[in-house]
Amino acid sequence: SLVAGTKVNEVFIGSCMTNIGHFRAAGKMLKQFKGSVPARLWIAPPTKMDEYQLKKEGYYNIFGVSGARTEIPGCSLCMGNQARALRGATVVSTSTRNFPNRMGDDTNVFLSSAEVAAITAIKGKIPTVEEYMAYAKNLDSMAADVYRYMNFNEVDEYVKAAAAAVAQKKAH
């Protein structure tokens, strides 16, 4: 790639288009790296339900060990209204837009998958194909678990919460 090796200051993994499997995949890659990553790493799941499930599965611990700044679920850096990248930063983001000043003043934004974003955070630069594959080589064997969607009707905590809400509504 023409941009491989580009130094990156900040990495954002989040947006409404980033599903829970992408966060798991990023976590699997970050877990291979021991300690804090050199790039400023932001994590913002799209919903509180995603956040809850990622915490339950231990991914927030992985994010914490890597030095990530975990944001409240929602738009965060993607929208550029809850948080902003540093002025002039080069950012790799999983969001869907990279127009000027969206994520911060004078920022240079590259869009990527969560997997590439995680490796970028680890390396502090956009990885080469070889660097990416060194971390991603085991993802295929874990794909059924990593990339599974949250089917809320199959998660006991959500089924119980929904039943309680319905019961409470009927009581009033």
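**Strand β1 and its surroundings**

Q: Which residues point one way from β1, and which the other way?
A: In this predicted model, local features need pLDDT of at least 70 and side-chain atom pairs count only at pLDDT 80 or more, while totals for chains, interfaces and linings use all residues. Residues are numbered from 1 along each chain as its sequence is written, and side-chain values use heavy atoms, without hydrogens and water. β1 is a strand, a DSSP run of E with at least two residues, just as a helix is a run of H or I with at least four, both numbered from the N terminus. Its residues are all buried, with E10, F12 and G14 on one side and, pointing the other way, V11 and I13.

Q: How many of the residues of β1 are buried?
A: Buried means under 20% relative accessible area, exposed over 50%, and partly exposed in between (1.4 Å probe, protein chains only). E10, which lies in β1 (residues 10-14), counts as buried because its relative accessibility is 1%. β1 is mostly covered, and the count of buried residues is 5 of 5.

Q: Which residues does E10 touch beyond four places in sequence?
A: Contact is taken as heavy atoms within 4.5 Å. E10 and L86 are 76 residues apart in sequence, yet their C-alpha atoms are 8.4 Å apart in space. L86 is one of the residues touched. The list is R40, W42, A85, L86, A89, T90, V91 and V92.

Q: Why do β3 and β5 each have one side without a neighbour in the sheet?
A: Two strands pair if DSSP finds at least two bridges between them. The open sheet has 5 strands with parallel pairing, in the order β3-β2-β1-β4-β5. β3 (69-70) and β5 (108-111) lack a neighbour on one side because each stands at an edge with a single partner strand.

Q: Which residue of β2 stands opposite F12?
A: β1 pairs with β2 (residues 40-44) in the parallel sense over 5 bridges. Opposite F12 in β2 stands W42.

Q: Is T120 buried or exposed, and at what relative accessible area?
A: T120 is placed in helix α4 (residues 114-123). Among the residues it touches, leaving out those up to four places away in sequence, are V8, V11 and V92. T120 is buried, at a relative accessible area of 0%.

Q: What type of aromatic pair do Y52 and Y158 form?
A: Rings of Phe, Tyr and Trp (its six-membered ring) pair if their centres lie within 6.5 Å; planes under 30 degrees apart count as stacked, over 60 as edge-to-face and the rest as tilted. By this rule there are 2 aromatic pairs. The centres of Y52 and Y158 are 5.9 Å apart and the planes stand at 65°, so the pair is edge-to-face.

Q: How many residues apart in the chain are Y52 and Y158?
A: Y52 is partly exposed at 37% relative accessible area, whereas Y158 is buried at 14%. Y52 belongs to helix α2 (residues 48-56) and Y158 to helix α7 (residues 156-171). The pair therefore links distant parts of the chain, and the separation is 106 residues.
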